[in-house]
Amino acid sequence: MKLKKAWLTAMAVATVWGAAGSAAQAAEQYIGLPSYRVGSYAAGGTGVFGGWIDYMKLINERDGGVNGVKLVWQECETEYNNARGVECYERLKQHGEQQNVLFAPVSTGITFAVFERVAQDKIPLLSIGIGRSDTADGRVFPWVFPMIATYWSQASAIVGYLGQREGGMDKLKGKKIAVLYLDFAPGKEPFPVLDRLAQKWGFTTEKIAVAMPGNEQQAQWLQIRQMRPDYVILLTYGVSNPTALKTAARTGFPADRIVGWWWAGAEEDVVPAGEAAKGFVAGAFDPAGTDFPVIQDIQKYVYAKGQGDMQDPKRVGSVYYNRGVGHGIIYVEALRLAQEKFGKGKPVTGEQMRWALENLKLDEKRLEAIGAKGLMPTLALSCADHEGSGRVRFQQWDGEKWVPVSDWIEPDRELVRSLVEESAAAYAKEKGITPRDCSKEQ
Amino acid sequence: MIYREAGQFKASYEEDQQIFPIKQDRIVMAALVVAAFFVAPFVASEYWLQAVLTPVLVFALAALGLNILTGYAGQLSLGTGAFMAVGAYATYNFLLRLDGLPFLAGLVLGGLSAAAVGVVFGLPSLRIKGFYLAMATLAAQFFIVWALTKFPWFSNYSSSGIISAQRIEILGFAFDTPARKYLLTLAIVSLLALAAKNLARTNTGRSWMAVRDMDVAAEVIGIPLMKTKLLAFAVSSFYCGIAGGLYAYTYLGTVEPDGFGLDLSFKILFMIIIGGMGSVLGAFLGAAFILLLPVGLNVLMHTSVGVLVPATLASNLELIVFGVLIVFFLIVEPHGLTRLWQIGKEKLRLWPFPH
């Protein structure tokens, strides 16, 4: 073991020495970003991580960091591939003397692949809008934060939105809803919630699978035409989104009766479908737009100086980009909170970060102060609830841009939460985990 | 000078038939094994153990499995990922459903399940060959991944088909740190590599090669085609199944069916093409090349060039350089890295007086 220690010290000395050249001696806060900028999902990866990096640049440029602590980061290319993601996780873990404080792969697969490692390494795992829904139970999964909304909350919010459109949840009785889903892991994640809600409100669902990658859907839409459903819920991703909309138009199904989840609701999903996408409604926890003051500030402080991360500055304010800014806001706000508790002006550790995430509260006032009112829902996390909101907003594509058509819609909390607890308890039992007692947490 | 075999006489059949007939080879190999077992776990950092050495070993084992089928027996397969999936999911289910089953037994049962599935999908090989067989194994690839997502029983009713590996414990000793997991992987992989090397030198291995070179001729000299081909499928799938189990248990910890997609099968096929068909060493060299080169390039791009160019361009450059290097190696030596190594050895033997 002595040898190992000597080796580690040597490595540490070497890396510190290497980093010393580029980094000043001022306090710095490191985070590792497992981005993906190539491959089939590059549109999502460049948008989200671009927005996140731009927000950190804004904080450095405008405020001089968080309480004087400069934000620094290191990227690692995952290619949206699980094995590469694990390698990145390990590589980003240590940077000089600092440990990574937050790992957010923005990929359901990588989230699954590392979600047991994070507890050992004491690095919080952030999975906004992706990942396992039952990780919202913070008693069983203290290190995982499926923030803002899980797939289950989203499914419930979609049904809630349909109820609103019909003029009341009880009007859903007897309605026929087709669920067109891409046959991959997240595509089926919403089913338990949809099934229970169908029972509760008396509508019927018909689930129709599309094989990956979903660029041929003629048969499925013919089936839908025969069924004559009142609505179609679209759970597809990537290339299958424009295909669905185009095929729907060809078979004569009106686009405004199709409601997509948030992975169908970016500009990249509808623009290729052209006219066929007009009127399509999709969920969002991060509406598009450049009118938010925080986006304006990014334009002013980052892009005006030519330091923006997006190669195409027109994408600033797009859905994926704003999602990235949302990630950045959560990260920076958690840092602020952790510094307030554990020492202002000092970098924080993964454990302190976890505490801050768990106690994070972003109300309307705070969001307005950041300049992100309406960019994301208000958040209030707790030891037991690692989701914090669950609210989803719906927006409609008018042929040129996304227009909000609903306010933030609450999911059926009682139902979703009972499912989360049930599933988390089953996991705890399988793994022999004793859930934390939240009354003892401070 | 150093690499001279003059004076090494072989006085018995055993000496003549050993795996490494040259003394220097034996010394180097022994040193390598000692280093891998006794030095690496102590000096390598966690990153190296978890993210570099363990995956290289796991993928080398999978490549070895494919090499038995494609390199030795000449049956082209695109179902490697699926056979790994069978291994991983079968191991998980055996350990989950049979209380008190030892880990190694579960792993072997997982491998055997993969072997059984491999034999079933190997049946078409009796009638079809070459690219057409590749299509048949492609069916295995899609069918198995589909079945694992379709039937929730396989993943113990997890809503997305994800399984997370149970703790590994052998005779009360927990393999829970990166170093221990690495050692376990290394032990299993070296054992199976040794077995593969020896298998290739027996009657079985020779009949595989005969079938590969010309199956009609092989049949004429009395090699039963059905038995030989199916045995190749079984052994190969067994290796892939064990690799899949290790992939889930000692490397990733949590796996989903989509992770065992066609991409993975192609990756392993590239490993044996780059490493060298029909060679055990090739599997290791190919796995290291295909896995580590992109990582190395990524580190390089984000530290040196990446500072100068935008991150998106750096990430794309990586892929371009990776592709160019593969083409370069295939042009320089179409028979893979193993052949390069052999040429190097030939030269070394004559050095410094080549004439």
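The following exchange concerns a predicted model of chain A and chain B and the criteria behind its descriptions.

Author: Residues are numbered from 1 along each chain as its sequence is written, while chains are lettered from A and ligands numbered from 1 in the order in which they are written. As the model is predicted, local features need pLDDT of at least 70 and side-chain atom pairs count only at pLDDT 80 or more, whereas totals for chains, interfaces and linings use all residues; side-chain values use heavy atoms, with hydrogens and water left out.

Reader: What makes Lys93(A) and Glu46(B) a salt bridge?

Author: A salt bridge is a side-chain nitrogen of Lys or Arg within 4 Å of a carboxyl oxygen of Asp or Glu. The closest N and O atoms of Lys93(A) and Glu46(B) are 3.3 Å apart, so the pair meets the criterion. The rule finds two salt bridges across the interface of chain A and chain B, and 39 over all chains in the whole structure.

Reader: How do you know which residues of chain A and chain B are in contact, and how many are there?

Author: Contact means heavy atoms within 4.5 Å. By that rule, 39 residues of chain A are in contact with 43 residues of chain B. Buried area is the accessible area (1.4 Å probe) that two parts lose on being put together, summed over both; for chain A and chain B this is about 3500 Å², 50% of it on carbon and sulfur atoms.

Reader: Why is Arg37(A) called buried or exposed?

Author: Buried means under 20% relative accessible area, exposed over 50%, and partly exposed in between (1.4 Å probe, protein chains only). Arg37(A) has a relative accessible area of 3% and is therefore buried. Its salt-bridge partner is Asp309(A), at 2.9 Å from N to O. Arg37(A) lies in the loop between strand E1 (28–35) and helix H2 (42–63) of chain A, and Asp309(A) in the loop between helix H12 (293–303) and H13, so the pair ties together parts that are 272 residues apart in sequence. Helices (H or I, at least four residues) and strands (E, at least two) are DSSP runs, numbered from the N terminus. Asp309(A), at 12% relative accessibility, also counts as buried.

Reader: Why do Arg391(A) and Glu410(A) fall into which accessibility classes?

Author: Arg391(A) has 18% relative accessibility and therefore counts as buried. Glu410(A) has 41%, so this residue counts as partly exposed. The two form a salt bridge, with the closest N and O atoms 3.6 Å apart.

Reader: What separates domain 1 of chain A from domain 2 of chain A, and what joins them?

Author: The bounds, which come from an automatic or database domain assignment, are 28–149 + 289–380 for domain 1 and 152–284 + 394–413 for domain 2. Their centres, taken over C-alpha atoms, are separated by 28 Å. Between these domains, 19 residues of domain 1 are in contact with 15 residues of domain 2, and the buried area is about 1500 Å², of which carbon and sulfur atoms give 63%. The count of salt bridges between the domains is one. The side chains of Glu268(A) and Arg315(A) meet in a salt bridge at 3.4 Å, N to O.

Reader: Why is Trp152(A) assigned to which accessibility class?

Author: Trp152(A) has 3% relative accessibility and therefore counts as buried. This residue is in helix H6 (residues 151–166) of chain A. The C-alpha atoms of Trp152(A) and Val420(A) are separated by 8.6 Å, although the residues are 268 apart along the chain.
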